[in-house]
Amino acid sequence: MYLKSIEIHGFKSFANKIVLDFHKGITAIVGPNGSGKSNVSDAVRWVLGEQSARQLRGASMQDVIFAGTQNRKALGYAYVAITLDNSDQALPVDYKELTVARRVYRSGESEYLLNGTPCRLRDVNELFFDTGIGKEGYSIIGQGQIEKILSGKPEERRELFDEAVGIVKYKQRKKVTLKK
Ligand code: ATP
Ligand code: MG
């Protein structure tokens with residue numbers, strides 16, 4: 001499985017719709033300060049269900065919507081979609097390609113889509129349990145995160161190992177069952 005493309009429209013500094021295509025191997029995104037490099041990784045975090053505005057370097061969730069500039073009006077919504085190649089069936093679904101999308105409007109209304117079909121955040125989360133992908137996954141290593149892992153509480157470190165060995169989904173199901 002690998003990340004094939006990211007589509008961004010109206011998210012943070014990306015007023016125009018852009019599509020970034022990736023191929024197998026290493027891709028680096030370079031650019032001057034403030035040109036939007038971190039906004040790309042924020043977009044990936046966000047589409048995978050990030051609920052914390054602070055994690056996305058904003059004060060409120062609406063801060064992810066393009067806020068306008070001197071010569072460009074603000075936009076009414078933010079949209080991000082990532083497409084993953086799943087031809088190795090690393091994700092437990094029949095699709096060879098999977099697109100996860102999220103949209104939020106200024107009104108606060110928001111939706112998640114899996115291959116174009118509306119779904120719940122929970123569906124997105126479940127899809128990525130134990131893959132290392134997801135907002136709690138280790139597929140995105142942010143600044144300061146290594147330090148956090150090394151100096152974190154044992155329970156927090158344990159969560160990382162749970163994800164790596166693939167037992168998060170069972171723990172989650174147990175939690176849901178015990179609640180019923
Ligand atoms: P550095 O090299 O300093 O880390 P960077 O390339 O990672 O820079 P980002 O942090 O991704 O840059 O981008 C910051 C820019 O995004 C700022 O100019 C900021 O004004 C802009 N920005 C953030 N949120 C919005 C928004 N909602 N609307 C418009 N512009 C935004
Ligand atoms: Mg940056």
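Which residues does Val 124 touch, not counting residues up to four places away in sequence? Keep that in mind while you get set up; what you have open is a predicted model.

Start wide. Colour the protein by its domain assignment: domain 1 covers 2–128 and domain 2 covers 141–180. Taken over C-alpha atoms, the centres of domain 1 and domain 2 are separated by 23 Å.

Next, select helix 1, residues 37–47. Show the side chains of Asp 42, Ala 43, Trp 46 and Val 47, which are buried. Now look down the axis: these residues sit on the same side of helix 1, because they cover an arc of only 125° around it. That fits the usual geometry: an α-helix has 3.6 residues a turn, so residues three or four places apart point the same way.

What lies over those buried residues? Add strand 1 (2–9), strand 3 (77–85) and strand 4 (97–105), which are included in the cover.

Step just past the end of helix 1 and pick Gly 49, where phi is positive, at about 105°.

Now jump to helix 2, residues 121–128, and click on Val 124. Val 124 counts as buried because 20 other C-beta atoms lie within 10 Å, and the cut-off is 20 or more. Back to the opening question: with residues up to four places away in sequence left out, Val 124 touches Leu 48, Gly 49, Val 100, Tyr 112 and Cys 119. So you've already met one of them, Gly 49, just after helix 1.

For a last stop, draw a C-alpha to C-alpha distance from Val 124 to Leu 48: it should read 7.0 Å, with the two residues 76 apart in sequence.

Definitions and conventions. Residues numbered from 1 in each chain as written. Chains lettered and ligands numbered in written order. Predicted model: local features only at pLDDT ≥ 70, side-chain atom pairs only at ≥ 80, totals over all residues. Buried ≥ 20, exposed ≤ 12 C-beta atoms within 10 Å, placed from the backbone. Helix = DSSP H or I, 4+ residues; strand = E, 2+ residues; numbered from the N terminus. Arc of directions from axis to C-beta. Contact = placed C-beta atoms within 7 Å. Domains from an automatic or database assignment.
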